[in-house]
Amino acid sequence: MAQATAAPPRKPSTSTSHTGGRAGTAVIGAGAVLAGGGALMMVGDVPAQTVAVCAAPPLAVVGFARWRASRRSRVTNDLTQALAPLAGAAAVVKCSKWARREYVDPKPQRIEIRYQPEARDGDPKWVEQVLSVVGARVGHDYEVDAHPSHRKRILLTQAGPSEKAAEDDTPRGRLQERAEVTMLEMLGKESRAKYQWGKDENLEGIEVRYPDTVAVKLTSRMKRQQIERVVTAMLPGRWRAQWDLEASRAHFELRPALPEGVSHPKPVITDANRYRIPTGVTEDGDTTFWDLKSTLPHGLTNGKTGTGKTVDIMGIVMEFAFRKWPCWISDPKQIEFLGVKKWPNVQIVAITIEQQMAMIVRAWELMEKRYTQIATGADERDFEPLLVVLDEFADLRSAITHWWAENKHKGAPAKCPIFGMIGSLARKARSAKIHLYFGTQRPDAEILSGEVRDNLGFRHSLGRLSVDGARMMWGAPYIGTSVPSKIPGRGIAMDDEGEPVESQSYWTPDPRRALRDRKESDLEILRNLLPEEITHKRLDIEFDDEDAATWLDEGGKSTYTPWGAIIEATFRTAGDADEIIDLDAEPEEQDVADDPPEEMGVEFSRLDRHLHLVTDDLETEDDDYGPSQNVPADRIKDGDLVYLDDQWVVVECAEADLEDDGMISLSWRSDEDEAGEVALDADEVMDIRRITEDKDDEQN
Ligand SMILES: Nc1ncnc2c1ncn2[C@@H]1O[C@H](COP(=O)(O)OP(=O)(O)OP(=O)(O)O)[C@@H](O)[C@H]1O
């Protein structure tokens, strides 16, 4: 259930007010919206003649506010003309406080006339004549509220209470009016809506029929999402819609909230789901899958440090291993996958740069071999899927580039051949059933364009994206930009139709930490994920050193090159390949639990140490937002942080208010997934922080 918490109260120094129509009460952001049935009520307050009066086609999907303003200014102009003989040709008429929901035939509740000196306001009949002209033109009786004749002004108000205004001047009436204005604005003035109310007068659903002229424009998913976001900015709670495009209907409903943690469930493998790797859940409780049978064979998780990338990939590794398929992992940070070193069917956890390069070469060779087998009659359906994880891919790529600069031999190409192999794996590995899974800190231009991007069947972004990141990952500047940043595992994944949905990825514990902390609930999750048997034994990668006899040619001359050593690396079944992790062992019996790599006797190259430093720096970096700055509310953008009620919240959608001219409606989410709405005067100065784009681009 979406937490539509009360919008933060205004800062004392500002004129921020909760939206809620002209009365300015807290209709918007009025607290959590509860589930439950509610009465269906027809509103349809725009009379049928709307259609006839406004013969002009709807301007666009957005057009109601302009249309309403033009009808109001028509009344003002009409009055100005009609009053000219009494008030003077240059008299100024100002109408305000328009009666609620009278869009076709608008009536101001206040009229101010600034008349010219030549007006005969000394004549007792003059005021009567003015009232009579105004009454006839507007279609309602008015009375004099004030007449400071020395200032040549007369102020009129509607005689008697406006029935409609009185009838609707309740929180529910005002909210309904706001919802109605929103629907008319977004879906055309001929649309008709029914409103569904829950307990405590909470608006819970809106059923709308819209005209075909609008339907044509809604074929664009982006347009539909934009409408859902504007509705979220205008009304309490976070909204989405089910669109029935054929019937020109939409059902708006409150988004259910996602849980903060979902334990990785025990896999139950069937023929139907064997090739569908579950990764988490959506707000509807549906499972998100990486579908290995999709035409695009590879996957990617993107997320800044701490957002849950490793946990996510760990879950994928365990699902592969459980299916008895081999997993090869490149772990440039050298400790992320230490915990699965002794996990059955995890064959390789490559931590030095040389091991990582050798692993990629080996995957490429396997692919070439499988292609040859297909060419000579093998059936690719008989191949077993292989998972190749390339975590921290941007770091890996720059480490390979550095390594090549230091180690390439005379006559070697300028670019390390590994990159060609990765490209080739990206393009061709589908038939060979070799599935690459990339982990990256940021949406990376080089990954997300070209052959790798073109072959990503599953994408997952964790944490909050910048506008550019959202464009790169999801092709839309707002998807993922308001994801709560303090809920690890929260992000955007692809649903079964390949569309981005907010999701919570499974909590898959790191066995190393679970054993160290003896956390029984985590150990239980891991016991459920532990494969029943070892089908693929652990491999050690061995490199012949420079003075090995292997490198001597017939003439006794050394042919050794560092690159040669990598491509000739031997993959040997590890001496301890039959040992598997013991999830019931006491901590001291476990040798995988605590040891950082240095203490395992692994010799690190200079470059590996460099890599350590690079990644450590990344871990301590602050957020990606620039310093606080003051801007008027109408310059606040989606994705900005804005300071409301002593906390920074992220703007989900900021839009000119559809009901109140001169106001900005803004929906927000906090780091902990509270949500609310607030209305601000357009010129009100607010503290904001804007994301700084994107250090990553400099690297690439
Ligand atoms: N899906 C999840 N559910 C619950 N908690 C999670 C989830 N994912 C991550 N966490 C929590 O967040 C912490 C950081 O997660 P993780 O190590 O996966 O982040 P990361 O993005 O890989 O960061 P880094 O790049 O620094 O390794 C975990 O130790 C865990 O406490």
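Is Asp-200 buried or exposed? Keep that question in mind and select Asp-200 in this predicted model.

**Stop 1: the loop between β6 and β7**

Start with the two strands. β6 covers 192-197 and β7 covers 203-209. Asp-200 sits in the loop that joins them. Now colour Asp-200 by accessibility. Its relative accessible area is 60%. Asp-200 therefore counts as exposed, since the cut-off for that class is over 50%.

Next, check the backbone of Asp-200. Its phi is near 55°, which is positive, and the residue is not a glycine. Most residues other than glycine have a negative phi.

Move on to Glu-201. This residue is in the loop between β6 and β7 too. Glu-201 also has a positive phi, about 60°, and is not a glycine either. How exposed is Glu-201? With a relative accessible area of 43%, Glu-201 is partly exposed.

**Stop 2: the ligand**

Select the ligand and show the residues around it. There are 19 of them. Which come nearest? Label Thr-305, Gly-306, Thr-310, Val-311 and Glu-336.

Now colour that shell by residue class. You should find four nonpolar, eight polar and seven charged residues. Then switch on the helices and pick α8, residues 309-322. Helix α8 gives the most to the shell, with three residues.

Draw three distances from ligand oxygen atoms:

- To Lys-309: a polar backbone atom lies 2.9 Å from a ligand oxygen.
- To Val-311: here again a polar backbone atom is 2.9 Å from an oxygen atom of the ligand.
- To Lys-333: this time the partner is an N or O atom in the side chain, 3.0 Å from a ligand oxygen.

Turn on the ligand surface. How much of it does the protein bury? Taken alone, the ligand exposes 620 Å², and the protein buries 79% of that.

**Stop 3: the cavities**

Hide the ligand and look at enclosed space in the protein. How many cavities of 30 Å³ or more are there? The count comes to six. Go to the largest cavity, which holds about 130 Å³ of space.

Its lining has 16 residues. To find the centre, select Lys-304, Pro-443, Arg-464, Leu-465 and Ser-466, the lining residues closest to it. Then colour the whole lining by class. The lining of the largest cavity divides into four nonpolar, seven polar and five charged residues.

Definitions and conventions:
Residues numbered from 1 in each chain as written. Predicted model: local features only at pLDDT ≥ 70, side-chain atom pairs only at ≥ 80, totals over all residues. Heavy atoms only, no water. Near = heavy atom within 4 Å. Polar contact = N/O pair within 3.5 Å; in protein donor to acceptor, adjacent residues only side chain to side chain. Areas by Shrake-Rupley, 256 points an atom, 1.4 Å probe, with all protein chains shown as cover. Helix = DSSP H or I, 4+ residues; strand = E, 2+ residues; numbered from the N terminus. Nonpolar A, V, L, I, M, F, W, Y, C, P; charged D, E, K, R; others polar. 1 Å grid on protein atoms, 1.4 Å probe; cavity = no way out; pocket = protein on both sides within 12 Å on 5 of 7 lines; lining within 4 Å. Points joined across faces, edges and corners; volume = space filled by probe spheres on them. Buried < 20%, exposed > 50% of the residue type's maximum accessible area, 1.4 Å probe, protein only.
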